[in-house]
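Work through the exercises below with the sequence and the 3D view open beside you. Try each task before reading its solution.

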Amino acid sequence: MIRAVDASLIYRDGTQALKPFNLMVEKGETLYITGPSGSGKTSLLKLLMGIEFASTGTLEVLGQSMTHREEGAIRAMRKRIGPVFQDFRLMEGRSVYENVVLGMRFLDLSAADMKRQAEESILRVGLEHKGRQSVDNLSWGECQRVTIARAVARRPELIIADEPTGNLDQDNALQILRLLTSFGDANTTVVITTHATHLLSMVPAGRHLAMASGHLLQPSKERGGRP
Ligand SMILES: Nc1ncnc2c1ncn2[C@@H]1O[C@H](COP(=O)(O)OP(=O)(O)OP(=O)(O)O)[C@@H](O)[C@H]1O
């Protein structure tokens with residue numbers, strides 16, 4: 001599913017955001033990545049999504065080599081990922097439903113399937129009563145739920161969420177983490193970055209990797225208290 005060998009990331013300005021790291025993630029795993037601001041969490045996710053490319057080593061995601069920019073292959077691979085971005089990236093002035101459907105526009109789905117999958121995921125995130133409302137008037141937590149619905153409506157093999165708990169209070173942050181992990185199954189891998197290390201004992205079990213100053217810290221240990 002994910003295989004990195006001595007992968008690193010140096011940005012164009014010379015910032016080494018990720019020191020060489022190795023990482024193996026199996027299909028169906030849940031991975032929590034924690035670390036302070038600037039430690040490299042978003043940079044790691046950018047590598048996984050083919051937004052940035054490894055400066056050294058090799059990286060494979062969903063069987064696709066991500067080491068070189070092969071636009072066609074990377075585009076195809078991205079269709080299999082459900083991204084939950086830190087800044088939401090919602091279309092202003094559009095409804096919840098329209099935003100979720102927009103996330104599926106490059107998939108080869110019939111209009112009927114798009115509608116069904118959009119409605120199902122809006123229901124799963126608990127926003128069915130807001131489906132026709134504009135995203136402009138939603139709370140932060142509701143916008144986060146729209147981005148999750150948009151990601152999972154694609155039926156992705158890999159869900160990648162960057163800091164989905166943001167500035168939510170503990171109860172809402174927990175709800176969001178539990179919601180996201182509820183989409184994990186034998187065929188769906190979930191990777192979540194979060195500052196909320198203290199919540200990991202209350203969420204479904206998963207592998208916990210910590211980051212510090214661009215280092216991906218091993219060992220990883222199973223976290224999560226809920227059976
Ligand atoms: N496009 C870029 N060009 C140059 N440096 C960057 C770029 N993006 C991030 N960085 C730097 O890379 C390092 C890691 O940043 P990154 O955003 O991955 O950290 P993070 O752990 O996700 O932080 P946060 O929790 O605040 O989102 C930081 O020093 C940051 O300033």
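The exercises go from the whole chain to single residues, and the model they use is a predicted one.

**Exercise 1. The whole protein**

Task: Decide what the radius of gyration of the protein says about its overall form.

Solution:
- Begin with the inventory: the protein has six helices and ten strands.
- For 227 residues, a compact globule would have a radius of gyration near 17 Å.
- The protein has 17 Å, so it agrees with the value for a compact globule.
- Along the principal axes, the C-alpha atoms fill a box of roughly 45 × 40 × 35 Å.
- Burial comes next: 39% of the 227 residues count as buried.
- Finally, take the contacts with a separation of 6 or more: 65% of them are between residues 24 or more positions apart.

**Exercise 2. Helix α6**

Task: Compare the span of helix α6 (residues 170-182) with the expected one, then find how its buried residues are arranged around the axis.

Solution:
- Helix α6 has 13 residues and, at 1.5 Å a residue, should span 18 Å.
- The rule multiplies 1.5 Å by one less than the number of residues.
- The end C-alpha atoms of α6 are 18 Å apart, which agrees.
- The buried residues of α6 are Ala173, Ile176, Leu177, Leu180 and Thr181.
- Viewed down the axis of α6, these buried residues fall within an arc of 125 degrees, so they line one face of the helix.
- The spacing fits a general rule: an α-helix has 3.6 residues a turn, so residues three or four places apart point the same way.
- The buried residues of α6 pack against one helix, α5 (140-152), and against the strands β3 (30-34), β7 (158-162), β8 (189-194) and β9 (206-212).

**Exercise 3. Around the ligand**

Task: Describe the shell of residues around the ligand.

Solution:
- The ligand is surrounded by 13 residues, of which Tyr11, Ala17, Ser37, Thr42 and Ser43 are the closest.
- By type, the shell divides into eight polar, three charged and two nonpolar residues.
- Helix α1 (residues 41-49) gives the largest share of the shell, three residues.
- Within α1, the buried residues are Lys41, Ser43, Leu44, Leu45, Leu47 and Leu48.
- Ser43 therefore appears both among the residues closest to the ligand and among the buried residues of α1, where buried means 20 or more other C-beta atoms within 10 Å.
- After α1 comes Gly50, with a positive phi near 70 degrees.

**Exercise 4. Positive phi outside glycine**

Task: Are Asp6 and Leu62 buried, exposed or partly exposed?

Solution:
- Asp6 belongs to strand β1 (residues 2-10), and its phi is positive, near 50 degrees, although Asp6 is not a glycine.
- Asp6 has 13 other C-beta atoms within 10 Å, so it is partly exposed.
- Leu62 is in the loop between β4 (56-61) and β5, and its phi is also positive, about 50 degrees.
- Leu62 has 18 other C-beta atoms within 10 Å, so it too is partly exposed.

**Exercise 5. Sequence distance and distance in space**

Task: What separates the C-alpha atoms of Arg80 and Pro156, and what separates those of Ser65 and Val96?

Solution:
- Arg80 is in the loop between α2 (71-78) and β6 (81-84).
- Arg80 and Pro156 are 76 residues apart along the chain, with their C-alpha atoms 4.8 Å apart.
- Beyond four places away in sequence, Arg80 touches Leu62, Pro156, Glu157 and Leu158.
- Ser65, in strand β5 (residues 64-65), is 31 residues from Val96 along the chain, and their C-alpha atoms are separated by 34 Å.

Key: Residues numbered from 1 in each chain as written. Predicted model: local features only at pLDDT ≥ 70, side-chain atom pairs only at ≥ 80, totals over all residues. Near = placed C-beta within 6 Å. Helix = DSSP H or I, 4+ residues; strand = E, 2+ residues; numbered from the N terminus. Nonpolar A, V, L, I, M, F, W, Y, C, P; charged D, E, K, R; others polar. Rg over C-alpha atoms; globule rule 2.2 N^0.38 Å. Buried ≥ 20, exposed ≤ 12 C-beta atoms within 10 Å, placed from the backbone. Contact = placed C-beta atoms within 7 Å. Arc of directions from axis to C-beta.
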